Protein chains: 2
Amino acid sequence: MDQPLPRDPIAEAQRNWVRRGWEAQAAPMAAITAIMRTQQLLMLRIEGVLKPFALTFSRYELLTLLAFTRRGELPMSRASSLLQVHPTSVTNAVDRLQAAGLVDRAPHPLDRRTTLVRLTTDGRDLARRATDALNREVFTDTGFEADDVDALIGILARFRQQAGDFDPA
Amino acid sequence: MDQPLPRDPIAEAQRNWVRRGWEAQAAPMAAITAIMRTQQLLMLRIEGVLKPFALTFSRYELLTLLAFTRRGELPMSRASSLLQVHPTSVTNAVDRLQAAGLVDRAPHPLDRRTTLVRLTTDGRDLARRATDALNREVFTDTGFEADDVDALIGILARFRQQAGDFDPA
DNA sequence: TCCACATGGTTGGATGTCCAAGTATAGTCC
DNA sequence: GGACTATACTTGGACATCCAACCATGTGGA
């Protein structure tokens with residue numbers, strides 16, 4: 001899987017789709033498959049940068065989300081909503097971050113259903129160091145051209161909005 | 001997680017990045033995070049369409065790849081290369097498809113290291129029906145605008161090429 | 001002919017995803 | 001005040017990802 005293929009496998013699949021008579025669906029299929037592959041490439045790269053910190057991207061995202069709150073804490077349901085992952089994914093991430101001493105769970109003062117997840121000092125420090133590494137090694141030179149970055153942001157925001165991710169206003 | 005958020009969480013994260021002084025990295029970070037979320041949305045949608053066929057996207061892709069070959073078979077290493085997944089992911093997919101009677105494993109006539117994975121009649125039929133469903137329910141109306149589909153294809157092809165996925169020629 | 005290197009595929013393991021179901025708690029309405 | 005609905009989070013499970021290590025086989029060069 002390290003060796004470049006002689007041809008773009010997704011362009012090939014697109015041609016196959018056209019050959020089978022699915023012309024209207026060929027380009028959308030290719031775009032979606034390209035998104036899947038691009039995500040995979042980026043994930044491998046990001047996980048590679050985070051590995052020395054004993055972090056995965058999922059756990060990193062939760063730490064960073066907490067680091068951006070005023071008090072370094074959030075209800076788990078809120079974290080699930082903002083990170084746009086299933087509540088069980090947050091449970092999983094909090095379990096592992098808590099075992100590593102990077103967050104704590106705390107009861108909500110007024111609502112016994114709610115668990116607050118709170119950043120520890122170690123967690124805040126690691127979030128900062130991991131962000132420095134990602135900024136330096138991924139976000140400074142992503143492999144996208146600058147114009148493409150802006151275009152992607154626009155296109156994917158329109159898509160996410162029509163998918164119901166956030167309100168139009 | 002079903003309710004739209006009042007604001008775009010990724011745009012919010014981008015503003016947070018700028019506030020922290022990481023201006024050059026903010027847009028690339030947002031583009032990458034948007035790719036992650038878009039992939040997740042598309043995957044949920046695709047898995048939803050495939051579920052009645054007792055297929056996952058990963059298994060579907062292998063079936064479709066085989067359906068496009070002349071003889072309905074490929075060496076597993078070739079499948080790994082074309083699908084751009086780790087060999088263990090192909091082993092996993094073949095195990096499950098084989099258990100479901102959708103593919104068979106066969107020895108290579110000339111190379112005892114190599115295992116061929118071969119589509120069965122049931123597998124070919126299921127690949128066709130699942131493709132019909134995906135064409136109808138996902139690829140005909142993806143949620144992307146038509147211009148955006150073409151732009152995505154171009155942008156992501158450039159990215160995948162610079163990442164070493166395929167040769168420039 | 002033998003050895004070193006490469007290839008193909010598997011196994012065990014770690015990880016994170018979401019679904020279904022369950023329990024505890026809170027809110028609303030009659 | 002009680003019943004019903006909703007919310008928060010967990011647990012168990014299915015699934016697929018990739019990594020590390022291993023074994024069997026093939027290739028090429030000395």
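Is the crossing of α2(A) and α7(B) left-handed or right-handed? The crossing is left-handed, meaning that the near helix is turned anticlockwise from the far one by less than a right angle. This is a predicted model, in which local features need pLDDT of at least 70 and side-chain atom pairs count only at pLDDT 80 or more, while totals for chains, interfaces and linings use all residues. Residues are numbered from 1 along each chain as its sequence is written, chains are lettered from A in the order in which they are written, and side-chain values use heavy atoms, without hydrogens and water.

**Helix pair**
- Helix α2 (residues 23-50) of chain A and helix α7 (residues 146-162) of chain B have axes that come within 9 Å and cross at roughly 35°. Helices are DSSP runs (H or I, at least four residues), numbered from the N terminus; axes are lines fitted to C-alpha atoms over the stretch in contact, with angles from 0 to 180 degrees between N-to-C directions.
- Residues making the contact (heavy atoms within 4.5 Å) include A:Ala27 and A:Leu41 of α2(A) and B:Leu152 and B:Phe159 of α7(B).

**DNA strand C**
- DNA strand C is surrounded by 23 residues, each with a heavy atom within 4 Å of the strand.
- Among the closest are A:Thr56 and B:Ser77.
- α5(A) gives the most to this surface, with 4 residues.
- Of the strand's atoms within 4 Å of the protein, 78% belong to sugar or phosphate and the rest to bases.
- A phosphate oxygen of the strand lies 2.7 Å from a side-chain N or O atom of B:Arg105.
- For B:Arg113, a side-chain N or O atom is 3.3 Å from a base oxygen of the strand.

Key: Helix = DSSP H or I, 4+ residues; strand = E, 2+ residues; numbered from the N terminus. Polar contact = N/O pair within 3.5 Å; in protein donor to acceptor, adjacent residues only side chain to side chain.
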